[in-house]
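Reader: I should like to learn how the features of a protein model are read, one after another. Where should we begin?

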Amino acid sequence: MVPMSVEEIAKAVDGRLIGDAGSESRATNTVSDSRQAGPGSVFVAIRGERVDGHDFVAKTAGQGATVAIVDHEVKSDGLPQIVVKDTVDALGELARYNIVRRRELDGDFDIIGLTGSVGKTTTKDLMAALLSTLGPTVAPVGSFNNEIGLPLTALKVGRDTRFFVAEMGASHVGEITRLTTIAPPDIAVVLKVGCAHLGEFGSVERIAQAKSEIVQGLVPDGLAVLNADDAHVAAMAPLAPQGHVFWFG
């Protein structure tokens, strides 16, 4: 994470700051698991089906966290809080801002977005291993590729990060579009359109539509890397900006 002041974070997520973190205080990492919170941490309290992160805000204060992002004020032993309407949305906005900050800094930085019905995680791991030989590379652990996992990974991008391999999954149309607004890829890789999540989408054509969002989310001079052996993927070529397509297969 590019170091930020608490006031800067509050502005980035359009939140209301409660408490004073001090003008010299800087956040250097973001977590949603209270067990990972420590000095310099932004703790994002997320309500899950079984656990509510707001119950652990005070715990993170004792662990030295810098600030908590919450949807309501809670007792926190003096830990500054940023109150927002939706903490998951705020997590995405903070991640988007972190990527913007990194792009503003000196040094090359590229985002490689990756999607497909099968093979995403294996390809991501291989790609990260190769790119890490060229420069500092950030990639998700496992299949951390949804509206929570991708922003948390994007918030690992720091001042010196050269590559960010962003795995992007989807269980409905519009999900990848949201992820590309957080981390617009310079290169978008589409592996295959299959039948994963067919029940949620309703048809293979809808799955193809969802996967195509990563190509539409490319930066203006971005490159699409497409599977020539998959007709649904090959049909995405016209969506690539300025016709920039590299084929495999």
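Author: We begin with contact, which means heavy atoms within 4.5 Å. The structure shown is a predicted model. In it, V42 touches M1, I9, A27, N29, T30, V31, V67, I69 and L94, when residues up to four places away in sequence are not counted.

Reader: To which nonpolar core does V42 belong, and how many residues does that core have?

Author: A nonpolar core is a set of buried residues of the nonpolar kinds, joined through side-chain atoms within 4.5 Å. V42 is in the largest one, which has 50 residues. I9, V42, I69, I82, F164 and V215 are the residues with the most contacts inside that core. Helix α3, residues 87–104, gives the most to this core, with six residues. Separate from it is a second core of 12 residues, and A45, A65, V74 and L79 are among them.

Reader: How is burial judged for a single residue, and is S76 buried or exposed?

Author: Buried means under 20% relative accessible area, and exposed means over 50%. S76 has a relative accessible area of 8%, so this residue is buried. S76 lies in the loop between β4 (67–70) and β5 (81–83). Its contacts, leaving aside neighbours within four places in sequence, are V57, A58, A61 and Q81.

Reader: What of H72, and where is its place?

Author: H72 is also in the loop between β4 and β5. With a relative accessible area of 32%, H72 falls between the two cut-offs and is therefore partly exposed. Beyond four places in sequence, H72 is in contact with R47, H54, Q81 and V83. Separation in sequence and in space can be stated together: H72 and L155 are 83 residues apart in sequence and 23 Å apart from C-alpha to C-alpha.

Reader: How does one read the chain as a whole, and what is its radius of gyration?

Author: The value is set beside that of a compact globule. For 249 residues such a globule would have a radius of gyration near 18 Å, and the protein chain agrees with this because it has 19 Å. Its C-alpha trace spans about 60 × 40 × 30 Å along the principal axes. The secondary structure comprises nine helices and 11 strands, and 51% of the 249 residues count as buried. Among contacts with a separation of 6 or more, 61% join residues 24 or more positions apart.

Reader: How many charged side chains of each sign are there?

Author: The chain has 22 positive and 31 negative side chains, and the centres of the two sets lie 2 Å apart. The accessible surface comes to about 11,500 Å², of which 52% belongs to carbon and sulfur atoms.

Technical notes: Residues are numbered from 1 along each chain as its sequence is written. This is a predicted model: local features need pLDDT of at least 70, side-chain atom pairs count only at pLDDT 80 or more; totals for chains, interfaces and linings use all residues. Side-chain values use heavy atoms; hydrogens and water are left out. Helices (H or I, at least four residues) and strands (E, at least two) are DSSP runs, numbered from the N terminus. The radius of gyration is taken over C-alpha atoms; the globule rule is 2.2 Å times the number of residues to the power 0.38. Buried means under 20% relative accessible area, exposed over 50%, partly exposed in between (1.4 Å probe, protein chains only). Accessible areas come from the Shrake-Rupley method with a 1.4 Å probe; for residues, only the protein chains shown count as cover. Lys and Arg count as positive and Asp and Glu as negative; His and the chain ends are not counted. The place of a charge is taken as NZ of Lys, CZ of Arg, CG of Asp or CD of Glu.
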